[in-house]
Every structure is written in C-alpha cells, then in structure tokens.
Amino acid sequence: MTMLLERQAQLGQLDQLLSEAMQGRGHVAALLGEAGAGKTALVEAFLARVGQGAAVFRSACEDLSIPDPLGPLYDLARDAQWALPRAIDDRQGQRLPLFSDALEVFEARSRPGLLIIEDMHWADDATLDFVRFLGRRLANTHMLLLFTARTDRSEGQMRVRRALGEIPSGNVQRIDVPLLSEAAVLSLADAAGRDGDAIYRATAGNAFFVTELLAAENVATPPASVRDAVLARAERLSPGARSMLDAVSVFPRRADAWALRGLCGVASAGQLAECVSNGLLDDLGDGYAFRHDIARRAIEMMLTPSHRRAFNQRALSALQENADVATARLVHHAVEAQNLQAVRELAPLAAREASRVGAHRDAAGHYEVALRYADAMSMEDRARLYEGYAFECHLIGRIDAAIEAQGHARRLQQALGDRLREGDSLRCLSRFAYLVGDREQADLFGAQAVELLETAPAGPELAMAYSNLSQLAMLAEKLDETLLLGGRAVELAERLDRPDIVCHALNNLGSAEQWLDLASGRLHLARSLELALEQNFQEHAARAFTNCACIEMNQLDLAEAQSFLERGIAYCVENDLATWRDYMRGVQAQLLVRRGLWDDAATVAHDVIDNDATTALVRYPSLVALAKLRIRRGDPSAEPVLEEMKRFLDKGMELQRLAPYAAVMAERAWLGQGDRQEALGLIELADSLSPTRAVFGELAIWRLLLSLESDPGDTAGMAGPHRMLLAGEWRGAAALWAGMGAPFDRALALLHGDEPALREALEILEGLGARPVAQHVRALMRRSGVSHIARGPRQATRANSAGLTQRQMEVLQLIERGFSNKRIAEHLTISPKTVDHHVSAVLGKLDAVSRGEASAAARASGLV
C-alpha cells in the first residue's frame with residue numbers, strides 16, 4: 001500500500017472518467033509523473049477498483065533502441081482476440097482504416113472498454129498516431145484510454161506532449177502523479193522503524209525509491225541510492241538465481257517464459273522464484289519482469305560488455321524461434337549482441353515494416369542502424385538502403401540528412417551504370433534542395449534528371465522527372481513551361497498506368513492555370529485531390545489541400561480557403577505529415593492576420609517557427625505572417641524575420657517568395673521604418689516577374705501608397721478590392737473588405753477617402769492594436785489639416801482583459817509573481833521562444849516598457 005499514499009484524488013478522477021465512459025462520454029486520461037513516481041501502482045489500484053465493471057485491454061511500450069511500430073496495439077489486439085497482422089495486411093498498411101477497425105473492435109463490447117498503454121514516452125510514431133486518432137473520436141464512445149508517461153525533458157516525452165496537444169482539450173484529462181510529501185515519507189519510515197529524514201533526503205519523495213530504501217536490510221544506515229539498494233539485494237541471491245536475473249535484465253520490458261527457456265535451457269522455477277521472493281522480479285504468469293525499469297537498468301549496467309553481448313545473442317536466438325516476435329525487438333538484441341550479419345538482414349526489414357504503418361521516424365532509425373554496418377554489403381544493396389533512408393528522412397523533415405543520403409545513393413548508382421535509378425536520385429535531390437530553400441540547386445538537379453532519363457527507355461522515372469520540372473516552373477510562375485512539362489508528364493504517366501504521377505502533375509497544372517483559366521485550374525486541382533484521397537497518395541493529398549487553399553487565398557475567397565486549410569491540416573495530423581501540416585498552418589496564420597485575429601495568428605506562426613526541426617521552406621508562410629504582425633503592432637523587432645525571408649531570395653528568385661517580402665518591406669517603408677526606394681525596387685522586380693496582372697494586385701496598392709502616382713496601370717484580372725481601389729473607388733473596396741471580414745485591408749482602403757473615412761480607419765487600427773500604423777495615420781491626418789484627432793486609448797483602457805488572450809493573461813499573472821521567462825515556460829509547458837513572444841505582446845498591449853511597469857499597469861487596472 002506504500003505507493004497508494006496521497007493518491008486518492010487521482011483515483012477519484014479515474015473513477016469519474018470511467019463513469020462518464022459508461023455513459024457514452026469517452027476520454028483519454030494521461031497519468032504523468034517522473035520515473036518511479038508510482039504511475040503503475042496507481043494503475044494497479046484503479047484496476048482493482050474496476051473489477052469486472054469494464055473490459056480491460058492492457059499494453060505497454062518497450063525501451064528498445066528503436067521502438068516496435070504499433071507494439072502496444074499488438075498487445076491490445078491479443079487481449080481482444082483480434083488478428084492484427086491479418087488486419088494490417090487486409091488494409092495494406094493504411095493506418096486510418098486500420099485504426100477505424102481497432103476502434104470498432106474495442107467499442108463492440110457489452111461493457112465499457114478500458115485501454116491501458118504504459119510508458120508512452122517510449123512509443124513509436126505509429127502508436128502516437130493511434131492515440132491521436134482515438135483521442136479525437138472517444139468523446140461519443142464507451143471507452144477510456146489510460147496511458148502513463150514520464151515528465152522528463154526527453155524527446156519521447158516531448159512527442160507525447162505534442163500528441164496530447166493535437167487532441168481536443170475536452171477529450172483529454174491530464175492527471176499528475178506527484179512525489180510523496182515529506183510527511184508521507186516520515187510516516188512510512190516511522191512505521192518501519194527507519195530514519196525518515198535520511199530516506200526523504202535520498203529520495204525526495206520518489207515512491208519507488210522510498211520503497212526500495214525501506215526494503216534495504218541495513219536499518220541503521222539506508223543505502224545512498226536506489227541502485228545501491230537493488231544491487232545489495234541482488235548480491236544476496238544464489239549464483240544460479242543471479243545469473244537468471246542478469247539474463248532477464250537484457251529484455252527491455254519483460255522476458256516471456258518461453259524465451260527464458262530458450263535463453264537458459266530449462267529455466268529453473270526455483271531460481272526465478274528466488275528472484276521474485278527477494279522483490280527483484282514480478283511473476284506475470286507467462287513471463288517475468290523487473291518491478292521497475294530503474295531496477296532493471298541497475299542490474300544490466302553491472303554486466304561486463306562480453307556478458308552483455310552473450311546474453312543478448314542468446315536472447316536473439318531464442319526470440320528468432322518465434323515467428324510472432326516483432327522484427328524491431330530482434331534488431332535491438334542483434335545490435336546489443338554486435339551480431340553484424342543479423343543486423344544487416346533484420347534492420348532493413350524492420351525499416352520497411354515501420355514505414356508501411358507510417359512510423360517514419362522509426363524507419364529512419366532502422367536504416368541508420370543498417371547503414372552503420374553496410375560496408376560488407378553490395379553496392380546495389382547499399383544504394384537501396386541510402387534511398388530508403390533519404391525518403392524516410394525527408395518525410396520527417398530531416399532534409400539535410402536526406403540530401404546527404406540521396407547523394408550517396410546517386411554516386412553508387414553512377415558507379416553501377418544504372419541510369420534509371422541515378423536519374424530518379426537526381427529528381428529526388430531536386431525536390432530536397434527546393435525544400436531547404438535552394439532554388440538554384442533544385443533547378444540544376446531537375447534538369448540533369450530529365451537530361452539523363454531521356455537517354456534511357458521512357459518509364460515512370462522520366463514521367464516523374466517531367467512533373468518535377470513542371471512543379472518547379474509552376475513555383476516560379478513560368479506558366480507556359482508548367483503546362484508543357486505537366487502535359488508531358490500526364491500523357492506518359494497515363495500510358496504507364498501511374499495514377500500517382502498523374503495526380504502530381506495535375507496539381508502543377510491546376511496551380512498554374514489559376515492565373516489563366518480559374519475554372520480549369522480549380523477543376524484540375526479538384527481531380528488531383530480526389531485521386532490522392534481515393535488512392536491514399538498521402539503526400540500528394542496534402543499538397544493538393546495546400547494549393548487549393550493558396551488559390552482561394554489568392555482569389556480572396558477567405559471562407560473557402562479556411563475550409564481547405566481546416567480539412568488539410570486535419571488530414572495531415574491524422575497521417576502524421578508534419579511538414580505539410582506546418583506549411584498549411586503558416587498559410588492559416590496569414591489568413592488569421594487578414595481576418596484581424598492577430599493573437600491567434602501569432603500563436604499559430606510561433607508554434608511552427610519555434611520548432612527548431614522545421615525546415616526552411618516550411619517556415620516561410622509563418623515568417624510572412626509574423627513579419628506583418630511585428631511591423632503593424634510594434635512587437636519585437638521584425639529585422640530577424642525579414643533577414644530570414646530575404647535568404648530565400650538569395651538562393652533563387654521566386655515570385656511567390658519575392659511578392660510577400662516586397663509587400664512587408666513596402667509596408668515598413670510606408671511607416672517610415674525602411675528605405676522607400678528599396679521597397680519600390682522590389683515591387684518593380686516583382687512586376688517584371690509577374691506572368692499576369694492578376695498576381696500583382698496587392699503590390700500595386702503598395703506602389704500607389706509609396707509613390708503616390710495616379711496611374712495604376714493595367715488592373716485586368718486583379719481581385720475586386722484591389723481593382724476598385726486602384727480605380728479610385730475606395731468606398732467599394734472598403735465595403736468588399738468589410739464583407740470578407742478583413743479589417744486591416746478595409747482600413748487601408750479607407751485611408752484613400754475623406755475625413756470621416758480616415759477617422760473610421762484610425763478607429764479600426766486602434767482596435768486591432770496596430771499602434772505604429774495608427775500613429776502614422778495620425779501624422780497623415782495632421783498633414784492633411786484634420787483637427788481634433790483622438791490620441792488613442794488610455795493605458796487603463798488598453799489594459800482591459802478584452803485586449804489580452806487567455807494565454808497572455810496567464811503570462812501576465814506569472815510576470816506579476818516575479819517568474820522569469822524560463823520559469824514561465826516550464827510552468828506553462830511551452831517553449832521559451834513562445835514565452836518571449838507572449839511577454840512582448842503583453843508589454844505592448846499594456847503600453848509598458850518593462851516587466852515591472854506591466855505589473856504595475858495590471859494592478860492599477862484590476863487585471864491582477
């Protein structure tokens with residue numbers, strides 16, 4: 001009962017959640033605490049209370065060097081008597097249909113379903129996707145998903161946190177499992193006749209540590225650490241039992257009884273019983289496990305390297321006798337045993353299995369292991385390993401690693417004289433170069449791919465190379481080239497019956513045609529999206545969602561753009577397409593800026609930009625949104641953001657990058673913060689690169705504001721508000737912007753009007769918190785002879801709660817309590833960079849120049 005001290009509140013929460021599940025309101029419950037806090041003991045106590053009241057399915061993640069894809073789901077499926085391997089084959093590895101099947105299996109019970117996954121911090125990508133999937137669908141089921149996870153700062157724990165963040169907040173209950181209080185430890189120690197102060201000093205209230213030290217023999221002086229306590233207990237075993245304990249320690253989670261028989265010959269029941277009676281192992285009925293991974297590691301670390309290799313080799317041999325053992329487990333023991341031949345055979349197989357179910361991070365890990373020992377493999381096999389590794393790395397955003405690996409593959413293919421594979425590698429290198437923002441290299445590799453492949457029989461490699469060049473042309477607004485190369489790709493791909501390449505090329509055609517024939521462009525993109533969804537071409541589907549949204553953004557159909565973005569982001573979350581998800585979130589941030597939801601826009605943009613793993617290309621849409629916000633609100637300096645945007649132009653000039661950069665530089669110059677001639681030069685450059693006048697509408701407005709020229713030039717094809725404003729119809733333009741719900745653009749249109757329009761524009765800008773813009777407009781009004789101009793809201797008005805988001809209020813309260821940015825980040829479990837942004841926004845909204853001044857303003861206005 002030691003572990004259950006001070007746990008009644010948590011048990012009550014779990015009881016309530018299960019009660020709600022019984023009524024058809026399912027939840028995810030996350031038990032969170034440090035290693036040894038007593039999470040498993042709490043699960044056991046809860047299960048004892050549940051009894052026969054629920055159908056229990058139990059599983060756990062293993063601390064393998066590379067996780068076993070969907071390992072916990074296999075455990076859950078066995079409990080449910082569901083043949084998961086056959087289900088995976090039936091669904092051809094497609095996760096969403098497979099997860100839908102799982103939901104149906106676990107829900108189809110006469111009692112509510114209780115699914116338990118322990119040690120989620122060791123989970124693979126596919127298992128985290130399964131948790132996300134269930135989390136978004138449990139609300140109307142009779143199921144409770146309960147998992148445990150550590151609260152350390154490991155990568156695994158951070159991935160668990162991100163997964164929880166992608167589940168609707170109403171579906172998730174986070175339950176902290178805290179350390180035992182000093183009073184609880186003293187009480188336990190007193191009952192055992194031990195020195196409670198010494199034990200509390202050594203354990204800080206960690207429940208497992210407390211239990212271990214209380215169980216130590218030396219009553220007068222407890223061991224200095226849990227490791228010492230575990231080793232002291234192990235030393236009391238007989239030689240045979242100690243050898244058995246060592247053997248069990250190389251199994252990361254549990255040692256099945258049949259595996260121990262294969263490992264040690266006839267496993268002595270007496271030796272295992274001795275380990276159990278000494279409190280070192282738990283008898284699970286069909287296997288054995290250490291009471292906690294901390295204890296297992298203490299024993300494993302005492303093995304000499306030769307003994308460790310020997311035990312792992314025997315474990316590998318025993319596990320290979322069972323065809324149902326996951327390949328990832330075999331790889332783990334092969335690596336630990338330094339059995340290089342087994343690693344070469346098993347790691348590529350494990351990589352393909354992981355990739356098939358969407359565990360791309362784990363697939364890349366297995367390819368890394370295989371390549372580490374690939375020197376003895378043939379050139380062809382090594383080239384295939386590098387290709388596979390490059391593909392998986394690009395899917396998880398590790399583009400630099402993908403480029404390096406694809407380069408190795410290309411050189412091997414070149415040495416082999418394999419023109420088709422080398423050409424395909426060049427096409428991949430073109431794509432990867434573009435993803436890191438290197439347009440020049442993307443063009444070079446793309447052209448080399450087509451040149452080489454055209455010397456070989458025409459096949460799918462050439463069709464995809466044509467489509468790649470078509471995509472590059474589309475991204476550079478070279479419309480004729482896009483249509484020519486895209487048409488070639490479609491024709492060849494249809495002849496070869498390759499719908500995936502047809503899907504890719506149709507996307508290029510539709511995206512280019514938006515400027516020539518909007519209806520045709522929308523039709524081609526719709527066909528591309530439909531085909532991608534129908535055939536499960538996941539990356540093509542994500543790209544189609546993105547380009548559909550961007551077309552509607554260009555056409556200023558904000559409602560339709562929002563619909564595509566919501567559907568596309570949800571699709572990417574479901575399918576773990578982080579790169580496309582974050583790109584679309586950047587576009588979403590731009591949409592939120594246009595709609596005047598600036599705090600929401602900043603949050604979305606920072607979520608993308610603050611992730612150091614995000615690639616350069618993916619960051620760009622968020623950079624655009626953030627640059628506009630910083631210029632308009634006077635938030636932290638826009639210089640770093642503008643510098644990063646400019647680096648894209650240094651490696652190849654693309655209109656889709658140049659146009660937004662020119663726009664923010666123009667806005668900055670208009671406010672007197674930048675060089676007017678430089679901004680006009682950028683606008684002229686963009687004008688020269690624009691394939692049609694339709695592309696140039698927003699920049700034409702900025703040129704008008706900067707140069708005050710009356711001749712707008714050709715406005716044919718431009719969006720309605722731009723065309724009307726350039727024609728001098730500011731009222732109509734303002735009305736159109738108002739109808740779209742775009743307040744800042746409406747204010748800009750009103751600035752071309754009479755005095756009442758100017759006053760209305762100023763009011764809008766003040767409401768948005770665009771202080772630098774409002775100050776500039778006041779100066780313009782004064783120069784125009786307008787008098788009695790409002791000075792802006794007083795400090796108390798700016799400091800009201802309507803001006804701060806809920807998150808900013810939380811940050812303000814912590815500022816008032818004297819928390820540093822680092823402590824705020826830890827308290828709110830957000831990144832320090834995001835805290836920096838929130839603090840700057842709070843200071844700006846309270847018109848404060850320091851944290852102390854912000855606290856004073858908050859107290860004066862009654863906020864805190």
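A residue counts as buried when its relative accessible area is under 20%, as exposed over 50%, and as partly exposed in between. The model used in these exercises is predicted.

**Exercise 1. Strand β1**

Task: Decide how strand β1 (residues 27-32) sits in the structure, enclosed or open, and find its partners.

Solution.
Step 1. Count the buried residues. In β1, 6 of the 6 residues are buried, so the strand is largely enclosed by the rest of the structure.
Step 2. Check each face. His27, Ala29 and Leu31 are buried on one side, and Val28, Ala30 and Leu32 are buried on the other. Both faces are covered.
Step 3. Look for pairing. β1 runs parallel to strand β4 (residues 143-149), joined by 6 bridges. Alanine 30 has phenylalanine 147 of β4 as its bridge partner.
Step 4. Look for another partner. β1 also pairs with strand β5 (residues 172-176), in the parallel sense, over 5 bridges. Here alanine 29 is matched with glutamine 173.

**Exercise 2. A sheet of 3 strands**

Task: Work out which strands stand at the edges of the open sheet formed by β6, β7 and β8, and which helices pack on the sheet.

Solution.
Step 1. Write the order. It is β6-β8-β7, with antiparallel pairing.
Step 2. Read off the edges. β6 (255-256) and β7 (281-283) each have a single partner strand, so one side of each is left without a neighbour in the sheet.
Step 3. Inspect one pair. β6 and β8 (residues 287-290) are antiparallel and share 2 bridges. Aspartate 256 stands opposite glycine 287.
Step 4. Add the helices. Helix α12 (residues 239-249) lies across β6, β7 and β8, at about 85° to β8. Helix α14 (residues 269-277) touches β7 and β8, and its direction makes about 115° with that of β7.

**Exercise 3. Salt bridges**

Task: Compare the settings of the salt bridges made by arginine 427, arginine 703 and arginine 731.

Solution.
Step 1. Start with arginine 427. Its partner is aspartate 424, with the closest N and O atoms 3.0 Å apart. Both residues lie in helix α22, 3 residues apart, about one turn of the helix. Arginine 427 counts as buried because its relative accessibility is 16%.
Step 2. Take arginine 703. Its side chain meets that of aspartate 687 at 3.4 Å, N to O. This pair links distant parts of the chain, helix α36 (residues 697-707) and helix α35, 16 residues apart. At 15% relative accessibility, arginine 703 is buried.
Step 3. Take arginine 731. Its salt bridge to aspartate 754 spans 3.4 Å, N to O. Arginine 731 is in helix α38 (residues 730-740), while aspartate 754 is in the loop between α39 and α40, 23 residues apart. Arginine 731 is exposed at 53%, and aspartate 754 is partly exposed at 33%.
Step 4. Widen the view. The whole structure has 51 salt bridges. Some form a network that links Arg95, Asp129, Arg132, Glu166, Arg581, Asp582, Arg585 and Asp607.

**Exercise 4. Tyrosine 434 and leucine 689**

Task: Classify tyrosine 434 and leucine 689 by accessibility, and describe their surroundings.

Solution.
Step 1. Tyrosine 434 is in helix α22 (residues 419-435). Its 5% relative accessibility makes it buried.
Step 2. List contacts beyond four places in sequence. Tyrosine 434 touches several residues, including Arg439, Leu472, Leu617 and Arg657.
Step 3. Turn to leucine 689, in helix α35 (residues 676-689). At 34% relative accessibility, leucine 689 is partly exposed.
Step 4. Place leucine 689 on the surface. With Met653 and Leu685, Leu689 makes a nonpolar patch of about 220 Å².

Key
Residues numbered from 1 in each chain as written. Predicted model: local features only at pLDDT ≥ 70, side-chain atom pairs only at ≥ 80, totals over all residues. Heavy atoms only, no water. Patch = residues over 30% accessible without salt bridge, like charges linked within 9 Å, V, L, I, M, F, W, Y side chains within 5 Å. Areas by Shrake-Rupley, 256 points an atom, 1.4 Å probe, with all protein chains shown as cover. Salt bridge = Lys/Arg side-chain N within 4 Å of Asp/Glu carboxyl O. Helix = DSSP H or I, 4+ residues; strand = E, 2+ residues; numbered from the N terminus. Buried < 20%, exposed > 50% of the residue type's maximum accessible area, 1.4 Å probe, protein only. Pairing = 2+ DSSP bridges. Contact = heavy atoms within 4.5 Å. Axes fitted to C-alpha atoms, helices over the stretch in contact; angles between N-to-C directions.
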